[in-house]
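Biologist: I should like to understand how the terms in a structural description are justified. May I put some questions to you about the model shown here?

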Amino acid sequence: MNVSNPARRHRPNAAFTLVELLLVLVILGILAAVVVPKFSGRTEQARITAAQSQIATFGTALDAFEIDNGYYPKGKEGLNDLVQQPRDAQNWKGPYLKSDIPLDPWQRPYLYECPGRRNSSGYDLSSIGPDGREGTEDDITNWQNSATRR
């Protein structure tokens, strides 16, 4: 004798339908399309701010080096003089940075030149920015170029 369980016969199915699942996926896709671009722009802005901050830190260390020695480190490799004493720096009181010379937020070296082409009485210090090309609008520099900076 095959007797059906009446409680089992009237119990509704507890699963989601395919239409419900597709609707949830569409909603999540729309939210992702709106939110992700906003956050990716924030990441790039954070990197730009970090590069500006690091250039300012280098500036402070370079100024301390100049006060102690009477000149800024010379050449393109001059930032190394902030962590290792050069032979010609008799009054060197460094290291002027707490760690080695960091890379910029895009993992490229900062560009240093003394005497500078734009700051002839000082130095030029820059990051080539997000696009990786020197001399473009997105470069982060220690000279005034605010009209082209974002």
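Biologist: What makes Phe58 count as buried or exposed?

Modeller: This is a predicted model, and every value I give is computed from it. Phe58 has a relative accessible area of 0%. Buried means under 20%, so Phe58 is buried.

Biologist: Before we go further, how many helices and strands does the chain have?

Modeller: The chain has two helices and three strands. From the N terminus on, they follow the order α-α-β-β-β. Of the 150 residues, 28% count as buried.

Biologist: How many aromatic pairs does a search of the whole structure find?

Modeller: The search finds six aromatic pairs. One of them is formed by Phe58 and Tyr110.

Biologist: Why is the pair of Phe58 and Tyr110 called edge-to-face?

Modeller: The ring centres of Phe58 and Tyr110 are 5.2 Å apart, and rings pair if their centres lie within 6.5 Å. The angle between the planes is 80 degrees, and planes over 60 degrees apart count as edge-to-face. Both conditions are met, so the pair is edge-to-face.

Biologist: Which parts of the chain does the pair of Phe58 and Tyr110 link?

Modeller: Phe58 belongs to helix α2 (residues 18–69), while Tyr110 lies in the loop between α2 and β1 (111–113). The two residues are 52 residues apart. Tyr110 has a relative accessible area of 8%, which is under 20%, so Tyr110 is buried.

Biologist: What makes Phe65 and Tyr96 an aromatic pair?

Modeller: Their centres are 5.7 Å apart, which satisfies the limit of 6.5 Å. The planes are at 70 degrees, and the pair is edge-to-face. This pair links Phe65 in helix α2 with Tyr96 in the loop between α2 and β1, 31 residues apart. Phe65 and Tyr96 are both buried. They also belong to one aromatic cluster with Tyr71 and Trp92.

Biologist: Which residues in the largest nonpolar core touch the most other members?

Modeller: They are Leu62, Leu79, Leu82, Tyr112 and Leu125, in a core of 23 residues. Helix α2 supplies the largest share of this core, seven residues. In soluble globular proteins, nonpolar side chains tend to be buried together.

Biologist: Which residues does Leu125 touch, not counting residues up to four places away in sequence?

Modeller: Among them are Ile55, Phe58, Leu62, Leu79, Tyr110 and Tyr112. Leu125 thus touches both Phe58 and Tyr110, the residues of the edge-to-face pair discussed above.

Biologist: What is the order of the strands in the sheet, and in which sense do they pair?

Modeller: The three strands form an open sheet in the order β1-β2-β3, with antiparallel pairing. Strands β1 and β3 (140–141) are the edge strands, each pairing on one side only.

Biologist: How do you know that β2 and β3 are paired?

Modeller: Strand β2 (residues 124–127) and β3 are joined over two bridges, in the antiparallel sense. Pairing requires at least two bridges, so these strands qualify. Ser126, in strand β2, has Thr141 in β3 as its bridge partner.

Biologist: Why is Ser126 called buried?

Modeller: The relative accessible area of Ser126 is 7%. The limit for a buried residue is under 20%, so the word applies to Ser126. Leaving aside neighbours within four places in sequence, the contacts of Ser126 include Ile55, Tyr110 and Trp143.

Biologist: What makes Glu113 and Lys76 a salt bridge?

Modeller: The N to O distance between their side chains is 3.9 Å. A salt bridge requires these atoms to be within 4 Å, so the pair qualifies. Glu113 is in strand β1 and Lys76 in the loop between α2 and β1, 37 residues apart. Lys76 has a relative accessible area of 59%; exposed means over 50%, so Lys76 is exposed.

Biologist: How far apart are the closest N and O atoms of Arg117 and Glu134?

Modeller: They are 3.8 Å apart, and the two residues form a salt bridge. Arg117 lies in the loop between β1 and β2 and Glu134 in the loop between β2 and β3, so the pair ties together parts that are 17 residues apart in sequence. Lys76, Glu113, Arg117 and Glu134 are linked in a network of salt bridges.

Biologist: Why is Asp131 called partly exposed?

Modeller: Asp131 has a relative accessible area of 32%. This value lies between the limits of 20% and 50%, so Asp131 is partly exposed. Asp131 forms a salt bridge with Arg133, the closest N and O atoms being 3.9 Å apart.

Notes
Residues are numbered from 1 along each chain as its sequence is written. Side-chain values use heavy atoms; hydrogens and water are left out. Rings of Phe, Tyr and Trp (its six-membered ring) pair if their centres lie within 6.5 Å; planes under 30 degrees apart count as stacked, over 60 as edge-to-face and the rest as tilted. Helices (H or I, at least four residues) and strands (E, at least two) are DSSP runs, numbered from the N terminus. Buried means under 20% relative accessible area, exposed over 50%, partly exposed in between (1.4 Å probe, protein chains only). A nonpolar core is a set of buried Ala, Val, Leu, Ile, Met, Phe, Trp, Tyr and Cys residues joined through side-chain atoms within 4.5 Å. Contact means heavy atoms within 4.5 Å.
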